Amino acid sequence: MGAQQVRDGFTELYGAVPEGVWSAPGRVNLIGEHTDYNDGFVMPFALPHTTVAAVSRRTDGVLRLHSADVEGGVVELRADELAPESDRNWTAYPAGVVWALREAGHPVTGADVHLASTVPSGAGLSSSAALEVVIALALNDLFELDLQRWQLARLCQRAENVYVGAPTGIMDQTASACCEEGHALFLDTRDLSQQQIPFDLAAEGMRLLVVDTRVKHAHSDGEYGKRRAGCERGAALLGVDALRDIPYDGLDAALARLGDDEEAVRLVRHIVTEDERVERTVGLLKAGETRAIGPVLVAGHASLRDDFRISCPELDLVVDTALASGALGARMTGGGFGGSAIVLVEAADVDTVTKAVQEAFAGADFTAPRVFEAVPSAGARRLS
Ligand code: GLA
């Protein structure tokens with residue numbers, strides 16, 4: 001979606017040109033799943049798919065929201081009447097950001113907003129975070145709030161946790177706000193310290209495919225929250241603030257302490273080994289051994305499937321088929337229970353692997369998946 005188109009849409013809708021146009025991307029996570037609410041490590045990168053917003057300030061407390069992608073016209077709200085968990089529609093995300101900014105004491109006195117997005121929704125590619133971050137960045141600029149990217153990400157997470165009511169971690173919002181073109185973001189979710197890790201697969205003759213299984217994931221069904229609560233219970237049983245505090249070489253001792261608490265053993269084992277896989281991936285990429293991350297991705301999938309138990313038949317079929325047809329690595333990405341998988345392939349094998357996955361889906365009578373190549377792209381920015 002071009003900036004000009006969204007700018008024109010705004011002008012047509014509100015009868016004046018917008019003060020500016022901003023964009024924020026969706027993301028895929030290379031490795032580090034469900035570690036973010038355990039204070040652990042993640043490694044997402046931004047997609048070329050973005051949410052674009054044309055925005056102007058208002059001073060009368062009115063918030064007008066419109067999306068080119070949703071039927072139903074302009075939604076008008078009052079900034080001082082926004083209340084957590086009062087809205088079950090898409091407008092909860094942008095309104096939640098306004099609420100979070102105001103609650104933190106920032107003088108956001110209303111806005112006119114027109115949006116359009118190319119981030120697939122419900123595909124585990126962070127369309128919600130893109131929507132939150134584009135609004136936060138626009139309001140930060142327009143109201144001269146001087147907040148840093150990581151602060152905007154925190155406020156967006158608060159909007160999602162408290163206003164929308166989804167207990168997600170900080171990965172998606174930070175990815176959308178902070179990623180850089182050609183890089184994956186190595187993020188420590190405890191203190192939000194970051195390293196941009198060069199990740200240019202094309203230069204090394206490889207590609208990363210995203211396979212959207214079209215199985216709609218939803219955090220609202222409570223499974224995400226259950227995993228989160230289970231991890232917190234595991235940390236409490238082990239006497240640590242967060243599972244990140246269990247070192248990899250202390251895992252066996254920790255599991256022994258959990259005894260026959262089978263659920264805690266599975267969840268703790270996933271988180272501690274997943275943090276180690278992120279660190280191993282960073283080390284391999286820094287050493288230029290990119291192909292060697294393939295088996296790490298595969299081990300991550302097995303852990304999410306068997307220990308964390310958040311995969312589904314469609315995601316497993318992508319991974320198994322891709323590996324059987326020559327992929328270097330594959331795993332589910334994002335929250336789980338549907339959504340997307342990623343597949344690392346040699347450039348020469350893209351067609352073979354894509355065809356094999358499509359045929360396997362047809363053979364299993366699953367909805368045809370959407371397959372596209374993911375190139376590490378820019379984070380949120382002002383377009384005009
Ligand atoms: C969702 C959440 C993130 C993270 C992932 C799993 O995308 O929004 O915070 O927990 O799931 O890694």
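The dialogue below walks through a ligand and the two domains around it in a predicted model.

Colleague: Before I look at the ligand, into which domains is the protein divided?

Modeller: A domain can be discontinuous in sequence, and that is the case here, since domain 1 is made up of 3–196 + 378–382, while domain 2 covers 199–373. The C-alpha centres of domain 1 and domain 2 lie 26 Å apart, and 36 residues of domain 1 are in contact with 46 residues of domain 2.

Colleague: Where does the ligand sit, and which domains supply the shell around the ligand?

Modeller: The ligand sits in the largest pocket, and each of domain 1 and domain 2 gives at least three residues to the shell around the ligand.

Colleague: How many residues are around the ligand, and which come nearest?

Modeller: A residue is taken as near when one of its heavy atoms lies within 4 Å of the ligand, and there are 13 residues around the ligand, of which E33, H34, D36, D172 and Y224 come nearest. Sorted by class, this shell has 3 nonpolar, 6 polar and 4 charged residues.

Colleague: Which parts of R27, H34 and G169 lie by oxygen atoms of the ligand?

Modeller: For a polar contact we look for a pair of N or O atoms within 3.5 Å. In the case of R27, an N or O atom of the side chain is 3.0 Å from an oxygen atom of the ligand, whereas H34 uses a backbone N or O atom, at 2.7 Å from a ligand oxygen, and G169 also has a backbone N or O atom, 2.9 Å from an oxygen atom of the ligand. Taken alone, the ligand exposes 310 Å², and the protein buries 97% of that.

Technical notes: Residues are numbered from 1 along each chain as its sequence is written. This is a predicted model: local features need pLDDT of at least 70, side-chain atom pairs count only at pLDDT 80 or more; totals for chains, interfaces and linings use all residues. Side-chain values use heavy atoms; hydrogens and water are left out. A polar contact is a pair of N or O atoms within 3.5 Å; within protein, one must be able to donate a hydrogen and the other to accept it, and residues adjacent in sequence count only if both atoms are side-chain atoms. Accessible areas come from the Shrake-Rupley method with a 1.4 Å probe; for residues, only the protein chains shown count as cover. On a 1 Å grid over the protein atoms alone, a cavity is a set of points where a 1.4 Å probe fits but cannot get out, and a pocket is an open set with protein on both sides within 12 Å along at least five of seven lines; lining residues have an atom within 4 Å of a point. A molecule sits in a cavity or pocket if more than half of its atoms lie within 2 Å of its grid points. Ala, Val, Leu, Ile, Met, Phe, Trp, Tyr, Cys and Pro count as nonpolar, Asp, Glu, Lys and Arg as charged, and the others, Gly among them, as polar. Domain bounds come from an automatic or database domain assignment. Contact means heavy atoms within 4.5 Å.
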